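Me: Please take a close look at one part of this model, the sheet and what packs around it. Keep it brisk, and work outward from there.

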Amino acid sequence: MKNLSRSFSLSLVAAGLLASATVDARSLAIVNATLHTATEQGVLENASIIMDNGKITAINPQQVYADQVIDAQGRIVTPGFIASINQLGLVEVSAVAGSRDAGEEKAGIDFDVSLAYNAHSSLIPYARKGGVTRDVITPHGADSIFAGLASVVDLSGDLQSDIQKQAALVVYLGERSKGSRAFTLQTLINKLEEHQTKAAKKPKKDDDSKPSTEDKVMRKVLSGDMPLVVGVSRAADIIELLKVKAQFGINLVLNGAQDAVVVKEQIAKAQVPIIMSAMDSLPSSFDSLHASLDNAAVLEKAGVKVILTVGGDASHNIYQLRFDAGNAVSYGMSQQGALKAVTSNVASVFNINAGSIEVGKAADVVMWSNDPFELSSHVSKMIINGEEVSIQSRQDKLRERYTTESSMPRAYTNPK
């Protein structure tokens, strides 16, 4: 009888686990949507998309089978936007030193800023309201030219969510308040040469030492497996970096690059992507004399892969990424080019399995009330890794608190 009871108990446990797994693995479908795929397929009208186990499993199947079906009623559905070059989740209040974890004076090549990432930052729900589902977070500022390692995070707000570490090595060159830009570029070249030589040496038989994190990172950079993101603006510096790319075969990505339009043909020929703000309209230094609102359009037409980012205090303003993309369109960038600049282009540069609506990609999908690049539009529904997430932010809660009619003093509500 004991054994029978034990078997029955185990059966109940197994059934419970099976039921739990079934709940967690609910499939989701969106039908009657205007899909902006950010792929060669372009825009698909009256389309359907099915998501299961965190991935897109079908587009326009003959029959739609899913645990939950959402009728888009013709609304626009896009891949979730991917922000980049910011400190989201690494800073809460810029003026409060204790809430800033994105920079370290002693940082170097092996500085992994994702160790301080806070998935519960109040800035993350606000970023989601702008259609952003993933982000490339980067360290900033160090005594060295090497700021550290970038990471890719999803904006689900889940403390257990996966973080794609070592997505890129971040370097800052160009103008200096002290010293010469020549020294910083030479520092980069010397470091590449040092690790190139080290990699070419055969290990000694009695050498049982393990490679350092810096060694591993630089091997990936030299093999082209890890992008080297270089913050630089002046055309002359860009030309020198293109020479470095040719010499070492690195996967170079330019960040900022306000003068890139001057050497756009060379950049396009070298197949170097550019991360830029569409809102850079005036020179902020002698390095950025060619900053202009139409730079994104000029670079796109020249065949350069463009990634749009938010300039200035990006961590607190990621929400405006879609508005910046809309401004790029108003100054000549194509609609689809702007969409790719905040989705699939970012994904391809940083090896992210997201950023487009196609089978096998992460189920990061956003439904919009209207054109996402229009000021009056808003997110209707957001799905990250196949799960619907809230689009309510702290700002929404504050608005509701201060506008709710009540017999209590302003900003208070009656307890229920």
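Reply: Helices and strands here are DSSP runs, numbered from the N terminus; a helix needs at least four residues and a strand at least two. The model is predicted. Its mean pLDDT is 90, and 91% of the residues in the protein chain reach 70 or more. Set residues 1–23 aside: pLDDT stays under 50 there, and the model gives them 0 contacts beyond four places in sequence.

Now the sheet. It is open and has 8 strands, in the order E6-E7-E8-E9-E10-E11-E12-E13. The pairing is mixed. Strand E6 (81–86) and strand E13 (306–309) are the edges, and each pairs on one side only. From one strand to the next, the twist averages 25°.

Look at one pair of strands. E10 covers residues 228–232 and E11 covers residues 252–256. They run in the parallel sense and share 5 bridges. Within this pair, Gly231 faces Asn255 of E11. Helix H5 (residues 235–248) lies across both strands, at about 165° to E11. Another helix, H9 (residues 321–330), also packs on the sheet. H9 touches E6, E13 and strand E7 (132–137), and its direction makes about 130° with that of E13.

What do these elements enclose? The largest nonpolar core has 81 residues. Leu169, Leu254, Ile267 and Leu308 touch the most other members. H5 contributes the most to this core, with 6 residues. Follow Leu254 outward. Beyond four places in sequence, its contacts include Val230 and Val232, along with Ile238 and Leu241. Ile267, Val272, Pro273, Ile274 and Ile275 are in contact with Leu254 too. A separate core has 20 residues, among them Ile82, Ala150, Val152 and Val349. In soluble globular proteins, nonpolar side chains tend to be buried together.

Go back to the edge strand E6, where Ser84 is found. Is Ser84 buried or exposed? Ser84 has a relative accessible area of 1%, which is under the 20% cut-off, so it counts as buried. Leaving out residues up to four places away, Ser84 touches Asp135 and Val136. It also touches Ile275, Val346 and the run Ile307, Leu308 and Thr309.

Compare two loop residues. Gln271 sits between helix H6 (264–270) and strand E12 (274–277). Its relative accessibility is 70%, and that is over 50%, so Gln271 is exposed. Most residues other than glycine have a negative phi. Gln271 is not a glycine, yet its phi is positive, about 55°. Asn351 also has a positive phi of about 55° without being a glycine. Asn351 lies in the loop between helix H11 (344–349) and strand E14 (365–368).

Last, a helix pair. Helices H3 and H4 have axes that come within 10 Å and cross at roughly 95°. That angle makes H3 roughly perpendicular to H4. From H3, Lys191, Leu192, Glu194, His195, Gln196 and Lys198 take part in the meeting. On the H4 side are Glu214, Asp215, Met218, Val221 and Leu222. Pro211 lies in the loop between H3 (181–200) and H4 (213–223). With a relative accessible area of 34%, Pro211 is partly exposed. Neighbours within four places aside, Pro211 is in contact with Lys216 and Arg219. Pro211 and Val132 are 79 residues apart in sequence and 37 Å apart in space, C-alpha to C-alpha.

Conventions: Residues numbered from 1 in each chain as written. Predicted model: local features only at pLDDT ≥ 70, side-chain atom pairs only at ≥ 80, totals over all residues. Heavy atoms only, no water. Pairing = 2+ DSSP bridges. Axes fitted to C-alpha atoms, helices over the stretch in contact; angles between N-to-C directions. Contact = heavy atoms within 4.5 Å. pLDDT = per-residue confidence, 0-100. Core = buried A, V, L, I, M, F, W, Y, C linked by side-chain atoms within 4.5 Å. Buried < 20%, exposed > 50% of the residue type's maximum accessible area, 1.4 Å probe, protein only. Parallel < 35°, antiparallel > 145°, perpendicular 65-115°, else oblique.
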